Amino acid sequence: MKDKKYIEFVMEDGNVKKCEILCSFKSRESGKNYVIFMDDENNNGQPLNVTAAIYKPGDNTVLEEITDEFDKQIVSRFLEEGVFDARY
């Protein structure tokens with residue numbers, strides 16, 4: 001098993017939120033790179049928040065929110081196909 005990788009976000013209130021990267025992939029359809037990550041906090045038995053975003057390789061400072069329905073479908077199909085073992 002690979003070591004876990006993390007990303008950190010500085011929230012509006014100044015606090016830092018740490019998230020585990022579950023996987024990343026590049027879509028042939030869109031030519032975009034996607035990263036899927038989840039909260040790394042203990043949620044006391046509550047479901048963890050899993051999120052996807054678009055990123056540009058080489059620029060680890062900016063993630064783009066996925067708002068386009070086409071991008072949402074790409075990520076959804078990726079998850080449905082069970083390619084999740086291809087971490088990072």
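**Entry: the cysteines**

I began with C19, which is buried, with a relative accessible area of 2%. I was working on a predicted model, and I keep that in mind for every value below. C19 lies in strand β2, and I looked up its C-alpha distance to K5, a residue 14 positions away along the chain, which comes to 8.6 Å. I then turned to C23, which has 0% relative accessibility and therefore counts as buried as well, the cut-off being under 20%. How many disulfides does a search of the whole structure find? I noted zero for the whole structure.

**Entry: the overall layout**

I counted one helix and five strands in the protein, and reading from the N terminus I wrote down the order β-β-β-β-β-α. The protein has 88 residues, and I recorded 28% of them as buried. For the accessible surface of the protein I have about 6500 Å², with carbon and sulfur atoms holding 46% of that area. I also looked at how far apart in sequence the contacting residues are: among contacts in the protein with a separation of 6 or more, 34% join residues 24 or more positions apart.

**Entry: the largest pocket**

I next went to the largest pocket, for which I noted a volume of about 390 Å³. Its lining is made up of 15 residues, and those nearest the centre of the pocket are I7, I21, Y55, N60 and L63. Which strands each supply at least two residues of this lining? I found β1 (5-10), β2 (16-26) and β5 (59-65), with β5 giving the most, namely five residues. By residue class, I sorted the lining of the largest pocket into nine nonpolar, three polar and three charged residues.

**Entry: N33**

I looked up N33 in strand β3, which covers residues 33-39. Is N33 buried or exposed? Its relative accessibility is 11%, which is under 20%, so I entered N33 as buried. When neighbours within four places in sequence are set aside, I find N33 in contact with F25, K26, A53, I54, Y55 and P57. Of these, Y55 had already come up in my pocket entry, as one of the lining residues nearest the centre of the largest pocket.

**Entry: A52**

I placed A52 in strand β4, residues 50-56. Its relative accessible area is 21%, and because buried means under 20%, I had to enter A52 as partly exposed. Apart from neighbours within four places in sequence, A52 is in contact with V35, I36, F37, I66 and V75. I also checked A52 against S76, which stands 24 residues away along the chain, and the separation of their C-alpha atoms is 9.7 Å.

**Entry: K4**

My last look-up was K4, which sits in the segment before β1. I noted a relative accessible area of 44% for K4, and since this falls between the 20% and 50% limits, K4 is partly exposed. Between the C-alpha atoms of K4 and I21 I have 7.3 Å, with their positions 17 residues apart along the chain. I21 is itself among the residues nearest the centre of the largest pocket, so named in my pocket entry above.

How values were computed. Residues are numbered from 1 along each chain as its sequence is written. This is a predicted model: local features need pLDDT of at least 70, side-chain atom pairs count only at pLDDT 80 or more; totals for chains, interfaces and linings use all residues. Side-chain values use heavy atoms; hydrogens and water are left out. On a 1 Å grid over the protein atoms alone, a cavity is a set of points where a 1.4 Å probe fits but cannot get out, and a pocket is an open set with protein on both sides within 12 Å along at least five of seven lines; lining residues have an atom within 4 Å of a point. Grid points are joined across faces, edges and corners, and a volume is the space filled by probe spheres set on the points. Helices (H or I, at least four residues) and strands (E, at least two) are DSSP runs, numbered from the N terminus. Ala, Val, Leu, Ile, Met, Phe, Trp, Tyr, Cys and Pro count as nonpolar, Asp, Glu, Lys and Arg as charged, and the others, Gly among them, as polar. Buried means under 20% relative accessible area, exposed over 50%, partly exposed in between (1.4 Å probe, protein chains only). Contact means heavy atoms within 4.5 Å. Accessible areas come from the Shrake-Rupley method with a 1.4 Å probe; for residues, only the protein chains shown count as cover. A disulfide is a pair of cysteine sulfur atoms within 2.5 Å.
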